[in-house]
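Trainee: I have a new model open and would like to learn how to read it. Could we go through it together, step by step?

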Amino acid sequence: MSEANKDVIRRLFDDVLNGGRLGLLDTIVGAAYVDHSPAAGQAAGAVGVKAKVAALREGFPDVRYTLEELVGEDETVAARYSWRGTHRGAFLGIPPTGKTILVRGMDFYRLRDNRIVEHWDVVDDLGMLTQLGDLEGG
């Protein structure tokens, strides 16, 4: 089960986050999906995940995620990653700065029947805002 679940998370990073294939979220996010780290005002389920990813890709059109480590056991997959992108669109209310930033994070996913049903993340938001020059978050 762990390897199949890790493959789902690899698809999330490769095809959705890097490739922009947001429609794929309809097949890999479960109907009962719960995001324990939602963006402000994030809708439930795949719709909310699509909006969250779209907002990031709008702010950083060249965003590129690198999976640095992927560990799976039973229903849980942990991902340690970084992403790099150039701030070319508004993001979190911050107008484009043109700065290229590097952000690191770790996510945990719980999967059932090859679908993500829960998500937690820890992202260096302070480091991101510092690099953008906006410590007050917009």
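Mentor: Gladly! Let us begin with a term: helices of at least four residues and strands of at least two are DSSP runs, numbered from the N terminus. Keep in mind that this is a predicted model.

Trainee: Thanks! Which element gives the most to the lining of the largest pocket?

Mentor: The pocket has a volume of about 810 Å³, and 35 residues line it. Several elements each supply at least two residues of that lining, among them α1 (2-18), β1 (29-35) and β5 (115-123). With 7 residues, the top contributor is α3.

Trainee: How many residues of that lining are nonpolar, by class?

Mentor: Among the residues closest to the pocket centre are Ala39 and Leu56, along with Lys52 and Asp121. Alanine and leucine count as nonpolar, while lysine and aspartate count as charged. Over the whole lining there are 5 polar and 5 charged residues, and the nonpolar ones number 25.

Trainee: Now the rings. What kind of aromatic pair do phenylalanine 60 and phenylalanine 91 form?

Mentor: The whole structure holds 6 aromatic pairs. In this one, the ring centres are 5.3 Å apart and the planes meet at 75 degrees. Planes over 60 degrees apart have their own label, so the pair is edge-to-face.

Trainee: How many residues apart in sequence are the parts that this pair ties together?

Mentor: Phenylalanine 60 sits in the loop between α3 (45-59) and β2 (64-73). Phenylalanine 91 belongs to the loop between β3 (76-86) and β4 (100-112), so the pair ties together parts whose separation in sequence is 31 residues.

Trainee: And how do the rings of tyrosine 65 and tyrosine 81 pair?

Mentor: Their centres lie 5.7 Å apart, with the planes at 45 degrees. Tyrosine 65 is in strand β2 and tyrosine 81 in strand β3, 16 residues apart, and both are buried. An angle of 45 degrees is neither under 30 nor over 60, so the pair counts as tilted.

Trainee: Is histidine 87 buried or exposed?

Mentor: Histidine 87 is found in the loop between β3 and β4. Among the residues it touches, beyond those up to four places away in sequence, are Phe60, Pro95 and Leu132. Its relative accessibility is 0%, and the cut-off is under 20%, so histidine 87 counts as buried.

Trainee: Which residue's backbone oxygen does the side chain of histidine 87 reach?

Mentor: We can look among the contacts of histidine 87, which include Gly59, Ile94 and Thr97. The distance from the side chain to the backbone oxygen is 3.4 Å, and that oxygen belongs to isoleucine 94.

Trainee: Which side chain does a polar contact of 2.5 Å join to glutamate 118?

Mentor: Glutamate 118 is in strand β5 and, at 15% relative accessibility, counts as buried. A polar contact of 2.6 Å joins its side chain to that of histidine 36. The contact of 2.5 Å joins the side chain of glutamate 118 to that of arginine 110.

Trainee: One last stop: what do the buried residues of α4 pack against?

Mentor: Helix α4 covers residues 125-132, and its buried residues are Gly127, Met128, Leu129 and Leu132. After the helix comes glycine 133, which has a positive phi near 80 degrees. The buried residues of α4 pack against β3 and β4.

Definitions and conventions
Residues are numbered from 1 along each chain as its sequence is written. This is a predicted model: local features need pLDDT of at least 70, side-chain atom pairs count only at pLDDT 80 or more; totals for chains, interfaces and linings use all residues. Side-chain values use heavy atoms; hydrogens and water are left out. Rings of Phe, Tyr and Trp (its six-membered ring) pair if their centres lie within 6.5 Å; planes under 30 degrees apart count as stacked, over 60 as edge-to-face and the rest as tilted. Buried means under 20% relative accessible area, exposed over 50%, partly exposed in between (1.4 Å probe, protein chains only). Contact means heavy atoms within 4.5 Å. On a 1 Å grid over the protein atoms alone, a cavity is a set of points where a 1.4 Å probe fits but cannot get out, and a pocket is an open set with protein on both sides within 12 Å along at least five of seven lines; lining residues have an atom within 4 Å of a point. Grid points are joined across faces, edges and corners, and a volume is the space filled by probe spheres set on the points. A polar contact is a pair of N or O atoms within 3.5 Å; within protein, one must be able to donate a hydrogen and the other to accept it, and residues adjacent in sequence count only if both atoms are side-chain atoms.
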